[in-house]
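Visitor: I am new to this structure and would be grateful for a close look at a single part of it. Please begin with one strand and then explain what surrounds it and what lies beyond.

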Amino acid sequence: MRIEFHGAAGGEVTGSCHLIEVAGRRILFDCGMVQGGRDAEARNAEPFAFDPASIDALALSHAHIDHIGRVPLLVKRGFKGPIWTQAATSDLFPIMLLDAASLAERDAERENRERKPGEPEVRPLYTAADVVVAQKQLHPLAYEADTTILPGVTVRLHEAGHILGSAMIELRADGRSMLFTGDVGMRGTPILRDPAPPPRADLILMESTYGDRNHKDRAATVAELGQILAAARADGGNVVIPAFAVGRSQELLYWFAEHFEDWNLAPWTIFLDSPMAAKVMAVYDHHEELFDAEAAAVWRGRIKPFQLPNLRVSESVDDSKAINRIHGGAIIIAGSGMANGGRVRHHLANNLAFARNHVVFVGYQAAGTLGRLLVNGVPRVRLFGEEIPVRAQIHTVGGLSAHADQQGLLDWYGASPNHPPVALAHGENPAREALAAVLKQRYGVEVTLSQPGMQLEV
């Protein structure tokens, strides 16, 4: 069994992609987009480092774009094999990718309008039609069930606790086994069940997003969110929350439902501004069997997360534009979570210049994204051709992260029955170097820091 690293390696977090060669077959784990940085668009359009037609099967860990965003391109360029993933991820797959295709098509159309005569036409990375073709290759799986995906190759999915349908992928063949964690969630994350303990394996390919730090206590973090909303109410402004359409948006609505009265949320108007929002919430409702016990109780409660009395789901462009006429009393949850695209950029353009407003970041901000710039305290940003001063109050609420922190990753790995060697991916260099050092010190295990093109024998 051999692993070849092609994405989320070499100190990067996004673009997850790993090639496994075993039993005479070639299996790809994830095929995600690179996000952040000025060259991200060009990198996503580059040829794959392998022949897509040579891949026998693809297994997906979860539905975030940095893990599935290039799948339609993979299919477009020749991949014809099955795509294996957890059932909820299978349901989220077309929602996420049709949105990505729509954005790419609109961007290409806009750029072509601005092209000078004779300049080559800009083409989108892929279209909605390409997503529909890729969707036909999906094969949904349940957790904790062995599936023969190719002759001599078995896969078993374990709960990752990151977003709905997120899975760790256990692969067994030729008498060897490896576990790909995908993204590992925090224990106690609302709605989701905790990450499953690792099975016995010969290698763990492990994420390391927060390998060098620990999150704030979750209870204290939730209390901090309530305090920010109270301060924003006193200031008379709006609250803009960049959040991914899958995972963080639903978690925020969960906390709003649980604390609706003690946070005095009734006077606010809460906008979930995402064309994907209603569809994603429908997938959550369809998969309540994946909820933890606490979430099941909340869903049975008087105030339900997706039916808050003052919640407005903005699906159309006109609905979204109307929010910009509101100068106070609005909580605006919009994508993208790193503010590098989507409707949240319009809301930031309309709210950043005013000190009465608050911007709350509730997830990881990759290097090169607008979110990272704002978190780092830049005095002004450029949006839609205009220089905008940053006078709004910027908050980072790290304890709501969907990724396990260093202690969470160590505790999870410590539950392994045999403490196998580890390969670290999906982390910036300081994070994965710190995690590697602690893993070596605590468990005496061999730790490899993945690099693009590196091969590793299992």
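Guide: Let us begin with strand β1, which pairs with strand β22 (residues 455-457) in the antiparallel sense over 3 bridges. Please keep in mind throughout that this is a predicted model. Within this pairing, I3 of β1 stands opposite L456 in β22. Strand β1 also pairs with strand β2 (residues 17-22), again in the antiparallel sense, here over 5 bridges. One point of this second pairing is R2, whose bridge partner in β2 is E21. In general, strands of a sheet pair through backbone hydrogen bonds, and the pairing may be parallel or antiparallel.

The same strand leads us to an open space. The second largest pocket has a volume of about 320 Å³. It is lined by 21 residues, and those closest to its centre are H6, G7, V34, R43 and R70. Two elements, β1 (2-7) and α1 (40-45), give two or more residues to this lining. The greatest contribution comes from β1, with 3 residues. By class, the lining of this pocket comprises 11 nonpolar, 6 polar and 4 charged residues.

An enclosed space may be set beside this pocket. A search of the whole structure finds 1 cavity of 30 Å³ or more. The largest cavity has a volume of about 50 Å³. Among the residues that line it are S16, H18, H67, F180 and D183, together with A425 and H426. Strand β11 (residues 203-207) gives the most to this lining, with 3 residues. The lining of the largest cavity divides into 4 nonpolar, 6 polar and 2 charged residues.

Beyond β1 and these spaces, we come to another sheet. This open sheet is formed by 6 strands in the order β14-β13-β15-β12-β16-β19, and their pairing is parallel. At its edges are β14 (311-314) and β19 (393-396), each of which pairs on one side only. From one strand to the next, the twist averages 20°. Inside the sheet, β12 (residues 239-242) and β16 (residues 358-361) run parallel and are joined by 2 bridges. In this pairing, V239 stands opposite H358 in β16.

Two helices lie across strands of this sheet. Helix α6 (residues 218-235) lies across β12, β15 (330-334), β16 and β19, and runs at about 165° to β16. Helix α7 (residues 248-258) lies across β12, β13 (269-273), β14 and β15, running at about 150° to β15.

A single residue gives a closer view of the first helix. T221 has its place in helix α6. With a relative accessible area of 0%, T221 falls under the 20% limit and is therefore buried. Leaving aside neighbours within four places in sequence, T221 is in contact with K216, V397, G399 and L400.

For the second helix, the question is how far the rest of the structure encloses it. Of the 11 residues of α7, 10 are buried, so this helix is largely enclosed by the rest of the structure. The buried residues of α7 include R248, Q250 and E251, as well as L252, L253, Y254, W255 and F256.

To return to the starting point, β1 thus takes part in antiparallel pairing with β22 and with β2, and it gives the most residues to the lining of the second largest pocket.

Terms used:
Residues are numbered from 1 along each chain as its sequence is written. This is a predicted model: local features need pLDDT of at least 70, side-chain atom pairs count only at pLDDT 80 or more; totals for chains, interfaces and linings use all residues. Side-chain values use heavy atoms; hydrogens and water are left out. Two strands pair if DSSP finds at least two bridges between them. Helices (H or I, at least four residues) and strands (E, at least two) are DSSP runs, numbered from the N terminus. Axes are lines fitted to C-alpha atoms, for helices over the stretch in contact, and angles run from 0 to 180 degrees between N-to-C directions. Contact means heavy atoms within 4.5 Å. On a 1 Å grid over the protein atoms alone, a cavity is a set of points where a 1.4 Å probe fits but cannot get out, and a pocket is an open set with protein on both sides within 12 Å along at least five of seven lines; lining residues have an atom within 4 Å of a point. Grid points are joined across faces, edges and corners, and a volume is the space filled by probe spheres set on the points. Ala, Val, Leu, Ile, Met, Phe, Trp, Tyr, Cys and Pro count as nonpolar, Asp, Glu, Lys and Arg as charged, and the others, Gly among them, as polar. Buried means under 20% relative accessible area, exposed over 50%, partly exposed in between (1.4 Å probe, protein chains only).
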